[in-house]
Amino acid sequence: MLITQLKPKETIASLVEGKVFVINCHGCKEVSFPEKEAVELQKELEAQGKLTGVITTDYICNPENMKLRLESHKQEIDAADMILVLSCGVGVQTVAEYFEDKKVCAACDTYPLPGFQGVTPLEYDCDQCGECYLNITGGICPITACSKSLVNGQCGGAKNGKCEVDSNMECGWERIYRRLAQLGRLDVLKCPTQIRNYATEEKTEA
Ligand code: SF4
Ligand code: SF4
């Protein structure tokens with residue numbers, strides 16, 4: 001099981017730039033989604049004249065399925081400056097990879113819960129760290145894409161773009177840098193150090 005919890009209102013307000021298209025994932029049954037809070041958020045965005053459209057669908061972690069579902073919303077998506085995704089970290093990464101030139105933001109944090117973890121084969125990993133970093137890493141998870149799960153930048157050991165821990169994998173932080181450069185968002189790396197709060201993981205272990 002895992003749970004997706006909407007980030008604080010102030011955090012979401014700070015992410016929103018221009019017009020927004022919202023993607024809600026209500027996919028797998030082992031995930032608890034903030035359905036009521038999502039409706040409230042959408043109403044607020046609509047009242048502010050910022051919402052271009054909403055899709056509530058399932059399994060956005062499946063890239064082929066997601067592409068098909070989004071096709072019928074092309075106009076609303078084109079009219080938006082950014083995509084706000086309410087899903088677990090895997091879903092956000094899948095959407096971010098698809099929209100190479102658009103800002104994609106995670107509206108939720110993902111926490112683990114005891115119990116069944118699901119068997120869906122996934123393209124991306126989320127370690128359910130409880131404090132999603134995808135908004136400052138261009139949609140690439142630093143916990144799973146970096147061998148040391150560093151959240152504040154590269155360790156300095158990469159050689160020719162490969163990780164010093166595992167030379168078969170690309171350095172996750174070099175991937176993050178390239179993605180942010182492509183989006184013209186390298187400025188987010190200048191934000192104050194965001195220290196990982198391990199208490200967010202502990203609170204669901206009891
Ligand atoms: S930063 Fe990575 S591990 Fe943490 S919630 Fe986001 S996708 Fe999951
Ligand atoms: S080389 Fe890159 S991916 Fe490997 S541990 Fe260092 S920062 Fe992380």
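**Exercise 1. Identify the residue of β4 that stands opposite V20, and describe the pairing to which this position belongs.**

Solution. In this predicted model, the residue facing V20 is L51 in β4. The next step is to consider the strands concerned: β2 comprises residues 20–25 and is joined to β4 by 6 bridges. The two strands run parallel.

**Exercise 2. Establish the strand order of the open sheet and determine which strands stand at its edges.**

Solution. The sheet consists of 4 strands, arranged in the order β4-β2-β5-β6, with parallel pairing. β4 (51–57) and β6 (103–106) each have a single partner strand, so one side of each lacks a neighbour in the sheet and both stand at the edges. As to the twist, neighbouring strands are turned against each other by 20° on average, direction ignored.

**Exercise 3. Determine which strands are touched by α2 and by α5, and state the angle given for each helix.**

Solution. Begin with α2, residues 35–47: this helix packs on the sheet and touches β2, β4 and β5. The direction of α2 makes about 160° with that of β4. Then take α5, which also packs on the sheet, with β2, β5 and β6 as the strands it touches. Here the direction of the helix makes about 180° with that of β6.

**Exercise 4. Locate C88 and decide whether it is buried or exposed.**

Solution. C88 lies in a loop, preceded by β5 (82–86) and followed by α5 (89–98). Within 10 Å, C88 has 29 C-beta neighbours. The threshold for a buried residue is 20 or more, and therefore C88 counts as buried. Its relation to L2 may be added: 86 residues separate the two in sequence, while their C-alpha atoms are 8.3 Å apart in space.

**Exercise 5. Characterise the residue shells around ligand 1 and ligand 2 by class.**

Solution. For ligand 1, the surrounding residues include the cysteines C126, C129, C132 and C141, together with G89, T110 and D127. By class, this shell divides into 7 nonpolar, 4 polar and 1 charged. For ligand 2, 14 residues make up the surroundings, and C146, C155, A158, C163 and C171 come nearest. The shell around ligand 2 has 8 nonpolar, 4 polar and 2 charged residues.

**Exercise 6. Summarise the protein chain as a whole: how many helices and strands does it have, and what percentage of its residues count as buried?**

Solution. The chain contains 8 helices and 7 strands. Of its 206 residues, 33% count as buried. Turning to contacts between residues at least 6 apart in sequence, 66% join residues at least 24 apart.

How values were computed. Residues are numbered from 1 along each chain as its sequence is written. Chains are lettered from A and ligands numbered from 1 in the order in which they are written. This is a predicted model: local features need pLDDT of at least 70, side-chain atom pairs count only at pLDDT 80 or more; totals for chains, interfaces and linings use all residues. A residue is near a molecule or strand if its C-beta atom, placed from the backbone, lies within 6 Å of it. Ala, Val, Leu, Ile, Met, Phe, Trp, Tyr, Cys and Pro count as nonpolar, Asp, Glu, Lys and Arg as charged, and the others, Gly among them, as polar. A residue is buried if 20 or more other C-beta atoms lie within 10 Å of its own, exposed if 12 or fewer, and partly exposed in between; C-beta atoms are placed from the backbone. Two residues are in contact if their C-beta atoms, placed from the backbone, lie within 7 Å. Two strands pair if DSSP finds at least two bridges between them. Axes are lines fitted to C-alpha atoms, for helices over the stretch in contact, and angles run from 0 to 180 degrees between N-to-C directions.
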